[in-house]
Amino acid sequence: MASEIPPTMRAWQYSQTTGGLEQNLVLKDDVPVPTLSPRVGDKELLIEVLSASINPSDYKIAELPLNLGRAVVRTPTTPAWDFCGRVVKATNIVDNFRVGEIVFGRQAPTQHGACGQYIVASANACASLPSGVDVDEAASLPCAGLTAYQTIAPNVKPGDKVFLNGGSGGVGSFGIQIAKALGCHVTVSCSAAKAEQCKALGADDIIDYTAVDVCQALKERGQVFKLSVDNVGLPAELYKAGDDYLLPDGKFVQVGGPVSLAALSSTMSRLLRPSFLGGGKRKFQLYTLMGDQHQDLAILGQMVAEGKIKPVVAHAYGFEDVPTAFGDLRKGKTHGKLVIHVSEKGA
């Protein structure tokens, strides 16, 4: 198979983010295909991308203030780290995937992302595509699905009440379904326009953040929630308010938020300020991807195959429309995941 791999590929790239990532993307036809690591012991796959999905973190990291994004990822950079594709080559020690197999997974922040025809990914962050699962559905799973699963599954038991701040986005739509599959009662915040969609996914209770004060609405429900997952980062008082809506042994998990120095200050305050200085009393966790991603991705894939969760793909874009996809993602008005068809070759 190595002889069939072309030396160059088509890929969307950016070298700066002034005015927004989507304003700086350029489609190039001569980007070198990335190569597998020569280091002994690295379990890597070279993958031909079929579909990619995009997440707010793709542009938020790139647009970090003070050029911090360039410290995370080299430029010129191809965005998007979630994918489903075909294995075309593997390092010698990979024994759980074969050339030609369809896999899905997530890259760590890297220069060559999934808005290019070929990527390199760790075998430890991939899983085999289960029978009956669509390529686009699988591509939409990794970041949002892993985030939802890892923030909810370790922290609840059947019968627990869970609050998800931001129930209509990619993470929230998975979170509702995963929490229900685990036997939880689910309350979410969303706009009135998205309420029926959230209910269709299984939400038991809706708080319309456009009509009421979310913190006050939660306080009125009492100290009944075992878990609060903040996918939005606003309102800023949501963690401190947890003293009045989370159980004494409840937990607050911070996932999303605006990218700004003020938002960073707010997150650090939530994380570090003790209760006697005005901080919250409940356990606080700043979420990062954890543990065995291969195992968790396999679990998520099986949940999809068994119909326990259904990826919500809001829109699929052609490869020529990547800037439009990122523009739509930034607007934050879609319900579910945005997917890009990188290759027309089916599974």
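This is a short walk through one protein model, going from its sheets to its helices and then to two loop residues. Please keep in mind throughout that the model is predicted.

Let me begin with the parallel sheet. Six strands form an open sheet, and if you trace them across in order you meet β10, β9, β8, β11, β12 and β13, with parallel pairing. The edges are β10, residues 205-208, and β13, residues 283-286, each of which pairs on one side only. From one strand to the next, the twist averages 15 degrees. For anyone new to sheets, it helps to remember that their strands pair through backbone hydrogen bonds, either parallel or antiparallel.

Inside this sheet, I would like you to look at strand β11, residues 225-230, and strand β12, residues 246-254, which run parallel and are joined by 5 bridges. If you want one pair of residues to find on the screen, take serine 228, whose bridge partner in β12 is phenylalanine 252.

Which helices lie on these strands? One of them is α8, residues 238-245, which packs on the sheet and touches β8, β11, β12 and β13, while its direction makes about 160 degrees with that of β12. Another is α4, which lies across β8 (161-165), β11 and β12 and runs at about 150 degrees to β11.

Helix α4 also has a helix for a neighbour, so to speak, and here the geometry is of another kind. The axes of α4, residues 142-152, and α10, residues 293-305, come within 10 Å and cross at roughly 95 degrees, which makes α4 roughly perpendicular to α10. On the α4 side, the residues that meet the other helix are Pro142, Gly145, Leu146, Tyr149 and Gln150, and on the α10 side they are Gln293, Asp296, Leu297, Ile299 and Leu300. Sorted by class, this contact has 6 nonpolar, 3 polar and 1 charged residues.

Now let us turn to a group of strands that pair in the antiparallel sense. Strand β3, residues 44-54, pairs with β4 in that sense over 8 bridges, and there you can find serine 53 standing opposite aspartate 82 in β4. Strand β4 also pairs with β5, residues 102-106, again in the antiparallel sense and over 5 bridges. Two places show this pairing: glycine 85 stands opposite valine 103 in β5, and cysteine 84 has phenylalanine 104 as its bridge partner in β5. Going on from β5, 3 bridges join it to strand β7, residues 126-128, and these two run antiparallel; valine 103 has serine 128 as its bridge partner in β7.

How many residues of β4 and β5 are buried? For β4, residues 82-90, the count is 7 of 9, so the strand is mostly covered. For β5 it is 5 of 5, and both faces are covered, with Ile102, Phe104 and Arg106 buried on one side and Val103 and Gly105 buried on the other.

Next comes helix α5, residues 170-181, which lets us check a helix against a simple expectation. At 1.5 Å a residue, its 12 residues should span 16 Å, and its end C-alpha atoms are 17 Å apart, which agrees. Since 10 of those 12 residues are buried, α5 is largely enclosed by the rest of the structure. Among the buried residues are Val171, Phe174, Ile176 and Ile178. After α5 comes glycine 183, which has a positive phi, near 90 degrees.

I will finish with two loop residues. Is glutamate 22, in the loop between β1 (8-13) and β2 (26-32), buried or exposed? It is buried, with a relative accessible area of 14%, which falls under the 20% cut-off. Leaving aside residues up to four places away in sequence, glutamate 22 touches Pro323, Phe326, Gly327 and Arg330.

The second residue is threonine 288, in the loop between β13 and α10. Threonine 288 counts as exposed because its relative accessibility is 51%, and the cut-off for that word is over 50%. The C-alpha atom of threonine 288 is separated by 9.3 Å from that of threonine 151, although the two residues are 137 residues apart along the chain.

Terms used:
Residues are numbered from 1 along each chain as its sequence is written. This is a predicted model: local features need pLDDT of at least 70, side-chain atom pairs count only at pLDDT 80 or more; totals for chains, interfaces and linings use all residues. Side-chain values use heavy atoms; hydrogens and water are left out. Axes are lines fitted to C-alpha atoms, for helices over the stretch in contact, and angles run from 0 to 180 degrees between N-to-C directions. Helices (H or I, at least four residues) and strands (E, at least two) are DSSP runs, numbered from the N terminus. Angles under 35 degrees count as roughly parallel, over 145 as roughly antiparallel, 65 to 115 as roughly perpendicular and the rest as oblique. Contact means heavy atoms within 4.5 Å. Ala, Val, Leu, Ile, Met, Phe, Trp, Tyr, Cys and Pro count as nonpolar, Asp, Glu, Lys and Arg as charged, and the others, Gly among them, as polar. Two strands pair if DSSP finds at least two bridges between them. Buried means under 20% relative accessible area, exposed over 50%, partly exposed in between (1.4 Å probe, protein chains only). The expected span of a helix is 1.5 Å times one less than its number of residues.
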